[in-house]
Amino acid sequence: MSINRARAGVAGLVIALGSLLGPDSGAYAHEIVGNRFFPATLGIDDPGVNDELSLPTFDSFKTGDVPPVRQRDVSGEFSKRITEDFAISFGSTYTFLGPIDPTVPGANGFQNLETTFKYRVFKDPVHEFVMSVGLNVEWGGTGSQSVGADPFNTYTPTIYFGKGFGDLPDTVSWLRPVAITGQVGYAIPGRNFTTTFGIDPDTGASTADTEFHPRVLNWGGTIQYSMPYLKSSVIDLGLPDFINHLVPLVEATLQTPVANTLTSGTTTTGTINPGVIWVGNKFQIAAEALIPINRQSGTNVGFIAQLHLYLDDIDPRGIGKPIFGGPVQPASPFARN
Amino acid sequence: MPVFLLLVSGQAWAHAMLDHAEPRVGNKVASPPREVTLTFTQKLEPAFSSVTVTGPSGQRVDAGKARVSGNQMSVPLKGAGAGTYHVNWHVLSVDTHTTDGSFTFQVGP
């Protein structure tokens, strides 16, 4: 899923920008590059492709609308490799909107279905670097407009990257467990504007309101410190096993309208998400806080949590392998230094 | 749900990641060890799993073929004195996933 998840709002309450943007409740891939294991992150997509299932992802926060709305989302995403380097994922989110103002009715419903096509273009195990490109399509009209789903498609071409710092010199070996990931996407709505016709209740005159749908730069990143990496590649400190499975991290998910912004404005919105991931052999569990960067991004600190299953590890000879292409290449005598 | 059944059944395998090693990763031992033993999170395919060790001067100090038993892989070492030893491993788990990695340990007082 893309990070330009429409922040749903109750009709009549949503300010223009707040109705467009918000934190993602998506579910993302994990990746192994040399010594580095990139876990699936909650706010932005990680740089690789794999077979996996995120179910469920749950988030709760108050929107930046005036007055604010309590939004809760339950979402899931299934990602399937077609080849070793190409995957397609399908995501869906159900949204519950609960207005803070008791006189305003709430709303429930599905967001638009999303499909992401993603191709890993480069992988350098020695330098723990990986890069992918993708296209996310939000299928307009498949969700409920009462929770903010758009009636038109949105296309978001995106670049993803990840870099582990395992190649740092011995003098700063304690920084080797650090990794960064990032993504930059450009969301292009399939419709430039929507005009709503009505009648002014005071004068009886007909009215026409036009909302322009902006093109939005979806960008973000993570910085993470891998305790599994520390133990297996830098120094085994004899810490408790639970600690050795943790990856503390901070994510940033940001959205900046950059074109067709007549009614949306150009204010960047988003959240900073500190949290932690517990990584197991076949699944991971993650939880993060959602800290809005400004008033337009939210009115309190929310949270997001996720169970993420590594299908390639759970069922490596079945659903967890690419549809086309042979099994993983057998090991050959290696010559890494 | 079938996925959860697979998850808890223990019948499926996963990527083989290094769980721990002896000598321990990044630690110091007083004298050169006779062998290095790596313990992984999953069982290994012996024919496609290997480990090399280089000593303080950069020369290979692993002596002979690595022995693989279950989720453990060991290789005997030739003595090479004090300093930093580099261990590089590359394994194939029984589910056909390949993984590799490296670490160091120190020998000295």
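**Close-up 1. A:E128 and A:R36 meet in a salt bridge.** In this predicted model, the two side chains come to 3.1 Å, N to O. The pair links distant parts of the chain, 92 residues apart. A:E128 sits in the loop between β7 and β8 (129–138) of chain A. A:R36 belongs to strand β2 (residues 36–38) of chain A. A:E128 has 2% relative accessibility and counts as buried. A:R36 is buried as well, at 1%. Both values fall under the 20% limit for buried residues.

**Close-up 2. A:R120 forms a salt bridge with A:E31.** The closest N and O atoms are 2.5 Å apart. A:R120 lies in strand β7 of chain A, and A:E31 lies in strand β1 (residues 31–33) of chain A, so the pair ties together parts that are 89 residues apart in sequence. A:R120 is buried, at 5% relative accessibility. A:E31 is also buried, with a relative accessible area of 2%. The pair has further partners: A:E31, A:D85, A:R120 and A:K123 are linked in a network of salt bridges. Over all chains, the structure holds 14 salt bridges.

**Close-up 3. A salt bridge crosses between chains, from A:D236 to B:R24.** The side chains meet at 3.8 Å, N to O. On the chain A side, A:D236 is in the loop between α1 (227–234) and β14 (246–259). On the chain B side, B:R24 is in the loop between β1 (18–22) and β2 (28–29). A:D236 has a relative accessible area of 7% and is buried. B:R24 is partly exposed, at 33% relative accessibility.

**Close-up 4. Strands β4 and β5 of chain A form a hairpin.** Four residues lie between the two strands. β4 covers residues 69–81 and β5 covers residues 86–99. The strands run antiparallel and are joined by 13 bridges. One facing pair is A:S75, which stands opposite A:T93 in β5(A).

**Close-up 5. Strand β5 of chain A also pairs with β7 and β6.** With strand β7 (residues 114–124), the pairing is antiparallel over six bridges. Here A:I88 has A:F117 in β7(A) as its bridge partner. With strand β6 (residues 107–110), the pairing is again antiparallel, over four bridges. A:Y94 stands opposite A:F110 in β6(A). Strands of a sheet pair through backbone hydrogen bonds, either parallel or antiparallel.

**Close-up 6. Four strands of chain B form an open sheet.** Their order is β1-β3-β6-β5, and the pairing is antiparallel. β1 and β5 (67–69) stand at the edges, each with a single partner strand, so one side of each is left without a neighbour in the sheet. Neighbouring strands are turned by 15 degrees against each other on average, direction ignored. At one end of this order, three bridges join β5(B) to strand β6 (residues 72–76). B:V68 stands opposite B:M73 in β6(B).

**Close-up 7. The largest nonpolar core has 22 residues.** B:L38, B:F40, B:M73, B:W89 and B:F103 have the most contacts inside this core. Several elements of chain B give two or more residues: β1, β3 (35–40), β4 (50–54), β6, β7 (83–92) and β8 (98–107). Of these, β7(B) gives the most, with four residues. B:M73 links this view to the previous one, as the residue opposite B:V68. A second, separate core has 12 residues, among them A:F37, A:F61, A:V247 and A:I304. In soluble globular proteins, nonpolar side chains tend to be buried together.

**Close-up 8. Six residues of chain A make a nonpolar surface patch.** They are A:I223, A:V250, A:I272, A:I291, A:I293 and A:V301. The patch spans about 440 Å². A:V250 lies in strand β14 of chain A. A:V250 is partly exposed, with a relative accessible area of 35%.

Conventions. Residues numbered from 1 in each chain as written. Chains lettered and ligands numbered in written order. Predicted model: local features only at pLDDT ≥ 70, side-chain atom pairs only at ≥ 80, totals over all residues. Heavy atoms only, no water. Pairing = 2+ DSSP bridges. Salt bridge = Lys/Arg side-chain N within 4 Å of Asp/Glu carboxyl O. Buried < 20%, exposed > 50% of the residue type's maximum accessible area, 1.4 Å probe, protein only. Axes fitted to C-alpha atoms, helices over the stretch in contact; angles between N-to-C directions. Patch = residues over 30% accessible without salt bridge, like charges linked within 9 Å, V, L, I, M, F, W, Y side chains within 5 Å. Areas by Shrake-Rupley, 256 points an atom, 1.4 Å probe, with all protein chains shown as cover. Core = buried A, V, L, I, M, F, W, Y, C linked by side-chain atoms within 4.5 Å.
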